[in-house]
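Colleague: I have the coordinates open and a few questions ready. Shall we go through them one by one?

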Amino acid sequence: MSKPVAREPLRRNSRANRARILATARRELGRNPDLTLEELARAAGVVRRTLFGHFPGRAALLEALADEASGTVRSAVAAGVERAQGESVERALTRLVLSMWPVGDRYRLLLALAKRDLGAQRVAEVLAPARAATTAVLERGQREGVIHSHLPAAVLSAGLEAMTVALLEAVNTGALEDDGGTRVAITTLIAVGVPEERACAVVEDIASTVAVASPDGD
């Protein structure tokens, strides 16, 4: 027997509702981390039953946001790595940082919420592709003698990740103005041993092209 004609439009409507709820959650949780699901339903313009049909609890909502963030991180990392093919270590690292910053900016409040509600391990899983790509660049830089070898590449990558998360949190509090990640990229290069003047020149040279290539957020 053929499927009812209305089923596919209903599925499309369900997908649209889910996407709207997630987009609203990213925005509203930034304003109020303790937002209830009932308040989120009103903000998203859906009835309570619709929201709970997709996300039966806060943990399910944050897990869905974490999955979304994980996919966005993978895409951003892949784009950064592709654009950095054949480039120097300094330029490759800069492209990674600048490609990832819009993703971090989009999900920076989620990182804090996920760590509190889902645990640090889940946040680490979301960020794993970025850490792996950064580690690969650092390993190449250490082999070429461009980056200091005081720390193993994996440890240095984890330290840079922690620094970036801390700077994202500084943007959350207003202590740091979001400049598209250029200061973070400069700081990253300096942290791995690139002289400040050289770091500024590399980031300035790349920043405009990365800004043009980066996808817009919500």
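Colleague: Which residues are linked with Arg122 in a network of salt bridges?
Modeller: Keep in mind that this is a predicted model. Arg122 and Asp67 meet through their side chains, with N to O at 2.6 Å. Arg122 lies in helix H6 and Asp67 in helix H4, so this pair ties together parts 55 residues apart in sequence. The network that holds Arg122 also includes Glu63, Asp67 and Glu125.

Colleague: Is Arg122 buried or exposed?
Modeller: The cut-off for buried is under 20% relative accessible area. Asp67, its salt-bridge partner, has 44% and is therefore partly exposed. Arg122 has a relative accessible area of 14%, so Arg122 is buried.

Colleague: Which residue meets Arg131 in a salt bridge?
Modeller: Arg131 is partly exposed, at 32% relative accessibility. Its partner lies in helix H7 while Arg131 lies in helix H6, so the pair ties together parts 30 residues apart in sequence. That partner counts as buried, at 18%. The N to O distance is 2.7 Å, and the residue is Glu161.

Colleague: How far apart are the closest N and O atoms of Glu28 and Arg27?
Modeller: Glu28 counts as buried at 14% relative accessibility. Arg27 counts as partly exposed at 39%. The two form a salt bridge, and their closest N and O atoms are separated by 3.1 Å.

Colleague: How many salt bridges does a search of the whole structure find?
Modeller: Side chains of opposite charge can pair when their charged atoms come close. Among the pairs here are Arg122 with Asp67 and Arg131 with Glu161. Over the whole structure, the search gives 13.

Colleague: On to the core. Which helix gives the largest share of the largest nonpolar core?
Modeller: The largest nonpolar core has 61 residues, and those with the most contacts inside it are Ile21, Leu40, Leu61, Leu65, Leu138 and Val192. Elements giving two or more residues to this core include helix H1 (7-31), helix H4 (58-83) and helix H6 (120-144). The largest share is 14 residues, and it comes from H5.

Colleague: Which residues does Leu61 touch, not counting residues up to four places away in sequence?
Modeller: Leu61 is listed with the residues that have the most contacts inside the core. In general, nonpolar side chains tend to be buried together in soluble globular proteins. With residues up to four places away left out, Leu61 touches Ile21, Leu22, Ala25, Leu37, Leu40 and Phe55.

Colleague: Is Arg49 buried or exposed?
Modeller: Arg49 lies in helix H3, residues 48-54. The cut-off for exposed is over 50% relative accessible area. Arg49 has 75%, so Arg49 counts as exposed.

Colleague: How far apart in space are Arg49 and Thr173, C-alpha to C-alpha?
Modeller: In sequence, Arg49 and Thr173 are 124 residues apart. Taken C-alpha to C-alpha, their separation in space is 34 Å.

Colleague: What percentage of residues 15-73 is helix?
Modeller: UniProt, in an unreviewed entry, lists this range as "domain: HTH tetR-type". Its end C-alpha atoms are 22 Å apart. Strand accounts for 0%, and helix for 81%.

Colleague: Which element has the highest mean pLDDT?
Modeller: The chain averages 85, and 90% of the residues score at least 70. Over residues 1-7 the pLDDT is below 50, and that stretch has zero contacts beyond near neighbours in sequence. Among the elements, H1 has the lowest mean, 80, whereas the highest, 94, belongs to H8.

Note on methods
Residues numbered from 1 in each chain as written. Heavy atoms only, no water. Core = buried A, V, L, I, M, F, W, Y, C linked by side-chain atoms within 4.5 Å. Buried < 20%, exposed > 50% of the residue type's maximum accessible area, 1.4 Å probe, protein only. Helix = DSSP H or I, 4+ residues; strand = E, 2+ residues; numbered from the N terminus. Contact = heavy atoms within 4.5 Å. Salt bridge = Lys/Arg side-chain N within 4 Å of Asp/Glu carboxyl O. UniProt positions renumbered as here; feature names shortened; annotations may be inferred. pLDDT = per-residue confidence, 0-100.
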